[in-house]
Every structure is written in C-alpha cells, then in structure tokens.
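Visitor: I should like to learn how to read the features of a protein model, taking them in turn. May we work through an example together?

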Amino acid sequence: MATHVEVSIDIARPAHEVFEFMSDFTNNPRWQRGMKTCTITSDPPLGLGSTYDQVAEMAGREIVSSFEVVAYEPGRMVKATTTQSTFPITFTRMVEPTADGCRVSAVVEGDASGVFRLLAPLMPMMVRRSITRDYATLKELLEADRPGT
C-alpha cells in the first residue's frame with residue numbers, strides 16, 4: 001500500500017532563509033522528530049545528484065537510509081528519494097513567498113516494506129501526523145530564531 005501525504009504551513013520568515021535551512025539536510029534532526037543523524041555524502045553545493053545518509057527511528061525501529069536529490073530549483077524546491085532504505089520514500093519540499101513570509105509545502109510518498117508492511121494500513125495517518133508535527137516544529141524553530149527577537 002503506497003502512502004501519499006501533502007502538508008503545508010505558513011512561516012513568518014523570508015522564503016530564501018527558510019529554503020536555506022530546510023535544504024541543509026544536516027538540520028533535519030533539529031526539526032524532525034525521530035531523526036537521529038544526517039550526514040552529507042557528496043561535495044557541496046547542494047544540487048541535482050547530491051547525496052546524504054540519515055538514521056531515524058519510527059515505530060520503535062531504526063531506519064537507515066541513503067538519499068539522492070533528484071530535482072532541485074535553488075531557493076524554491078528540493079526533491080530527494082531513497083537509494084537504499086528499510087522504508088523507501090520520496091519527498092519534495094517547496095517554499096513560496098507570501099506577503100508575511102512564505103508557505104512551505106511538503107509531499108511525501110513511500111511504500112512500507114519489511115516489518116513496516118504490517119503497518120501499511122496505518123501509514124498514511126502516521127506519516128501525516130508526523131509530517132504535520134515536524135513542520136509545526138520547523139515553524140516554531142524558525143520564527144523563534146528571527147533576528148532581533
């Protein structure tokens with residue numbers, strides 16, 4: 001059973017600042033619950049073909065994944081997919097300017113495999129709840145870290 005989840009949130013920060021933070025995958029553990037480590041495995045700068053490894057925990061299981069950036073629009077969108085994982089996913093993070101900052105949107109698609117296949121009927125709900133919580137944390141973190149506050 002495939003999972004497809006879309007969420008968006010408004011953040012009161014300039015779009016370029018939010019994109020810079022979100023597209024630096026080493027920041028993932030700061031705002032994504034369950035994320036333990038994220039290590040860039042390719043040379044900078046970030047772009048099409050960039051790679052990174054991450055270790056996360058979900059449903060009490062460790063998930064070790066390698067990702068590759070498969071689409072990239074500087075300052076606007078980054079899309080990455082797993083090249084190796086116990087929980088294969090593809091995600092897209094998009095940022096659009098608004099009058100009061102920016103709108104951040106995420107699309108996450110995945111297929112449960114291995115032990116996670118048992119949770120497949122619950123995955124859309126679990127993933128939506130997790131992503132919604134993570135993006136609320138991102139908003140809180142970035143709005144609290146505003147210059148002059």
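Guide: The discussion below goes from the overall fold to the sheet, the core, the aromatic rings and a few single residues. Please keep in mind that this is a predicted model.

Visitor: Where does one begin, and what pattern does the protein follow along the sequence?

Guide: One begins by listing the secondary-structure elements and then reading their order. Here there are three helices and seven strands. Along the sequence they follow the pattern β-α-α-β-β-β-β-β-β-α.

Visitor: The order along the chain need not be the order in space. What is the order of the strands in the sheet?

Guide: To establish this, one asks which strands pair with which. In this model the seven strands form an open sheet, ordered β1-β7-β6-β5-β4-β3-β2, with antiparallel pairing. Its edge strands are β1 and β2 (35-40), each of which pairs on one side only. From one strand to the next, the twist averages 20°.

Visitor: How many bridges join β1 to β7, and how is β7 paired with β6?

Guide: β1 and β7 run antiparallel and are joined by 10 bridges. Within that pairing, Ala2 stands opposite Asp111 in β7. The pairing of β6 with β7 is also antiparallel and spans 10 bridges; there, Ile89 has Gly110 of β7 as its bridge partner. β6 and β7 form a hairpin, with two residues between them.

Visitor: Is β7 largely enclosed or open to the outside?

Guide: Burial is judged residue by residue and then summed over the element. Eight of the 11 residues of β7 are buried, so the strand is largely enclosed by the rest of the structure. For the protein as a whole, 40% of the 149 residues count as buried.

Visitor: How should the helix α1 be placed relative to the sheet, and which strands does it lie across?

Guide: One looks at the strands the helix touches and at the angle of its axis. α1 lies across β1, β4, β5, β6 and β7, and runs at about 160° to β6.

Visitor: What is the general idea behind a nonpolar core, and which residues touch the most other members here?

Guide: In soluble globular proteins, nonpolar side chains tend to be buried together. In this model the largest nonpolar core has 32 residues, and Val104 and Tyr135 touch the most other members. The elements that give two or more residues to this core are β1 (2-11), α1 (15-22), β3 (51-58), β4 (61-73), β5 (77-85), β6 (89-98), β7 (101-111) and α3 (123-144).

Visitor: Which residues does Tyr135 touch, apart from those up to four places away in sequence?

Guide: Tyr135 touches Val7, Ile9, Met22, Trp31, Arg93, Val104 and Ala106. On a wider scale, one may consider the contacts between residues at least 6 apart in sequence: 49% of them join residues at least 24 apart.

Visitor: How are aromatic pairs read, and how many does the structure hold?

Guide: One compares the distance between ring centres with the angle between ring planes. The structure holds six aromatic pairs. In one of them, the rings of Phe25 and Tyr52 have centres 4.2 Å apart and planes at 20°, so the pair is stacked. Phe25 lies in the loop between α1 and α2 (28-31) and Tyr52 in strand β3, so this pair ties together parts that are 27 residues apart in sequence. Phe25 and Tyr52 are buried.

Visitor: What is the arrangement of Tyr52 and Phe67?

Guide: Their ring centres are 4.9 Å apart and their planes lie at 5°, so this pair is stacked as well. The pair links Tyr52 in strand β3 with Phe67 in strand β4, 15 residues apart. Phe67 is buried, with a relative accessible area of 2%. Ring pairs link Phe25, Tyr52, Phe67 and Phe91 into a cluster.

Visitor: Finally, how does one describe a single loop residue such as Thr26?

Guide: One states its place, its exposure and its contacts. Thr26 is in the loop between α1 and α2 and, at 38% relative accessibility, counts as partly exposed. Leaving aside neighbours within four places in sequence, Thr26 is in contact with Cys38 and Ile40. The C-alpha atoms of Thr26 and Cys38 are separated by 5.1 Å, although the two residues are 12 apart along the chain.

Visitor: Is Cys38 buried or exposed, and how many disulfides are there?

Guide: Cys38 is buried, with a relative accessible area of 10%. Cys102 is buried too, at 0%. The count of disulfides comes to zero.

Methods:
Residues are numbered from 1 along each chain as its sequence is written. This is a predicted model: local features need pLDDT of at least 70, side-chain atom pairs count only at pLDDT 80 or more; totals for chains, interfaces and linings use all residues. Side-chain values use heavy atoms; hydrogens and water are left out. A nonpolar core is a set of buried Ala, Val, Leu, Ile, Met, Phe, Trp, Tyr and Cys residues joined through side-chain atoms within 4.5 Å. Buried means under 20% relative accessible area, exposed over 50%, partly exposed in between (1.4 Å probe, protein chains only). Helices (H or I, at least four residues) and strands (E, at least two) are DSSP runs, numbered from the N terminus. Contact means heavy atoms within 4.5 Å. Two strands pair if DSSP finds at least two bridges between them. Axes are lines fitted to C-alpha atoms, for helices over the stretch in contact, and angles run from 0 to 180 degrees between N-to-C directions. Rings of Phe, Tyr and Trp (its six-membered ring) pair if their centres lie within 6.5 Å; planes under 30 degrees apart count as stacked, over 60 as edge-to-face and the rest as tilted. A disulfide is a pair of cysteine sulfur atoms within 2.5 Å.
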